[in-house]
Amino acid sequence: MAFGFPRFTFPGSVLDRYIISEIMAPFLFGVGLFSSLGFAVGVLFDLVRRVTEFGLPLSVAMQVALLSAPQFIAYAFPMSILLATLMAYSRLAADSELIALRSVGTSVYRIVFPAVIISLAVTILTFLFNDVVVPRANYYAALTLEQALTGDRPNFQENNIFYPEYGEIVDDQGRHRQVLKRLFYAEQYDGNAMHNLTVIDRSEGTVSQIITSESAQWDPGRNRWDFFNGVIYLLSNDGSFRNILRFEREQLQLPSTPFDLAQRVRDNTEMTIAEAREYLKILDQGGDPQERRKIMVRLHQKVSFPFACLIFGLVGAALGTRSQGGKATSFAISVVMIFCYYTLFTTTGALGVAGVLDPIPAAWLTNVLGLVLGGGILLQVAR
């Protein structure tokens, strides 16, 4: 048997157990190989440089390395299932076992069925791993590294917190339009309070008041803002000043979104699907459209990426039934296909972020093309 691993036992027919056991050994080998290569290139070399050049403690480097590993294991799952199915079915073809199975009336679809089943199981595993384990591990890895390099300084957006809040109106022609309702700007945020604030209120259709303040804090218990040492300029409908109010402390019922934006420290690779959706709700209230489009694309990619396992399993099994090459040939084909897939997946994602493609096509186009390729090869073999 391939690699000399012991055979695994699974429920199902003898054929299913036999083929799945042939797939499992190279799959585990591939997970170890691809995750190690990705980890070495993506994390290890950089950590070694930080230890030697910046004095990063070795214990911290090891902790960051362990926390960074799940991301590369998740990346390795689709690659490994492609390598495993290619190797397993190529060996079966080379040893004429596929010919023997087809001579007794077993269809190609029945022969490929175990690969589809195990690929589906790996797809579910990848989805759970990528949504439950990876984001939290990435977040704590980044936090641990930052605290080691900068001390206990909190991670937040320090300067120029800018939040436009929009609302919907119906114009004279009956069309629904989004217009600016309120504009919030803070020059600095120190992790506790915002400083040098300006708030322009257009909630009544025109600019009704302008608020300037030295500082402000969000009170989560009372769900309001406390502004300190500021001025409220009240305006009439024609834009003229109606009144000026100075205050030492003023409590205002404004959205918490500016505070949420300043506190948002997680990158898209550090957010679960639920957290990404919550962040989208914040951005929907008036955040950066470019950032919103980016999160939308990444959110759909979090769902589409695990399905690469199913696509690769189908493609690998279909190609393997046609190939009688050895392990080296299977490995070479896997590397080429992996390179093509990830290049296209990254490119379509970038096009989605740039607005050239909508988020859903940007995230799923590569999988659709892979499914067409695998299905086409399988149909040819069946004929």
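## Exercises on a predicted helical model

Thr-348 is found in helix H9. The model used throughout these exercises is a predicted one.

**Exercise 1. Determine whether Thr-348 is buried or exposed, and identify the residues that it touches.**

Solution.
1. The relative accessible area of Thr-348 is 3%. Buried means under 20%, so Thr-348 is buried.
2. Not counting residues up to four places away in sequence, Thr-348 touches Leu-357, Ala-362, Leu-365 and Thr-366.
3. A distance to another part of the chain may be added: the C-alpha atoms of Thr-348 and Asp-201 are separated by 40 Å, and the two residues are 147 residues apart along the chain.

**Exercise 2. Compare the expected span of helix H9 with the distance between its end C-alpha atoms, then state which elements cover its buried residues.**

Solution.
1. Helix H9 comprises residues 327–354, which is 28 residues.
2. The expected span is 1.5 Å times one less than the number of residues, so H9 should span 40 Å.
3. The end C-alpha atoms of H9 are 40 Å apart, in agreement with the expected value.
4. The buried residues of H9 include Ser-330, Ser-334, Met-337, Ile-338, Tyr-341, Tyr-342 and Phe-345. Thr-348, Gly-349, Gly-352 and Val-353 are also among them.
5. The cover over these buried residues includes H1, helix H2 (58–94), helix H7 (289–304), helix H8 (307–322) and helix H10 (359–382).
6. Just after H9, Gly-355 adopts a positive phi of about 90°.

**Exercise 3. Locate the salt bridge between Asp-16 and Arg-110, and explain which parts of the chain it ties together.**

Solution.
1. The side chains of Asp-16 and Arg-110 form a salt bridge with an N to O distance of 2.9 Å.
2. Asp-16 belongs to helix H1 (residues 14–54) and Arg-110 to helix H4 (residues 108–150), so the pair ties together parts that are 94 residues apart in sequence.
3. The two partners are classified as follows: Asp-16 is buried at 12% relative accessibility, whereas Arg-110 is partly exposed at 29%.

**Exercise 4. Describe the network of salt bridges that contains Arg-91.**

Solution.
1. A search of the whole structure yields eight salt bridges.
2. One of them joins Arg-91 to Asp-95, with the closest N and O atoms 2.5 Å apart.
3. Arg-91 also meets Glu-97 in a salt bridge, at 3.2 Å from N to O.
4. With Glu-22 included, the linked residues are Glu-22, Arg-91, Asp-95 and Glu-97.
5. Relative accessible areas are 22% for Arg-91, 43% for Asp-95 and 24% for Glu-97. Arg-91 is partly exposed, as is Asp-95, and Glu-97 is likewise partly exposed.

**Exercise 5. Characterise the largest nonpolar core and the surroundings of Ile-23 and Ser-80.**

Solution.
1. The largest nonpolar core has 48 residues, and those with the most contacts inside it are Ile-19, Ile-23, Phe-27, Phe-77, Ile-81 and Tyr-89.
2. At least two residues of this core come from each of H1, H2, H4, H8, H9 and H10.
3. The greatest contribution is that of H2, with 14 residues.
4. Leaving aside neighbours within four places in sequence, Ile-23 contacts Ile-81, Ala-84, Thr-85, Ala-88, Tyr-89, Ala-115 and Ile-118.
5. A second, separate core has 18 residues, including Tyr-163, Phe-184, Leu-197 and Trp-225.
6. Ser-80 is placed in helix H2 and is buried, with 0% relative accessibility. With neighbours within four places in sequence left aside, Ser-80 is in contact with Phe-27, Gly-30, Val-31 and Phe-34.

**Exercise 6. Identify the nonpolar surface patch that contains Leu-128, and state how accessible Leu-128 is.**

Solution.
1. Leu-128 lies in helix H4.
2. Together with Leu-120, Ile-124, Val-132 and Val-133, Leu-128 forms a nonpolar patch on the surface, with about 400 Å² of accessible area in total.
3. At a relative accessible area of 45%, Leu-128 is partly exposed.

**Exercise 7. State where Thr-106 lies and which residues are in contact with Thr-106.**

Solution.
1. Thr-106 is in the loop between helix H3 (97–103) and H4.
2. With 17% relative accessibility, Thr-106 counts as buried.
3. Its contacts, leaving aside neighbours within four places in sequence, are Leu-15, Leu-101 and Ile-111.
4. The C-alpha atoms of Thr-106 and Ile-161 are separated by 65 Å, the residues being 55 residues apart along the chain.

Key:
Residues numbered from 1 in each chain as written. Predicted model: local features only at pLDDT ≥ 70, side-chain atom pairs only at ≥ 80, totals over all residues. Heavy atoms only, no water. Salt bridge = Lys/Arg side-chain N within 4 Å of Asp/Glu carboxyl O. Helix = DSSP H or I, 4+ residues; strand = E, 2+ residues; numbered from the N terminus. Buried < 20%, exposed > 50% of the residue type's maximum accessible area, 1.4 Å probe, protein only. Contact = heavy atoms within 4.5 Å. Core = buried A, V, L, I, M, F, W, Y, C linked by side-chain atoms within 4.5 Å. Patch = residues over 30% accessible without salt bridge, like charges linked within 9 Å, V, L, I, M, F, W, Y side chains within 5 Å. Areas by Shrake-Rupley, 256 points an atom, 1.4 Å probe, with all protein chains shown as cover.
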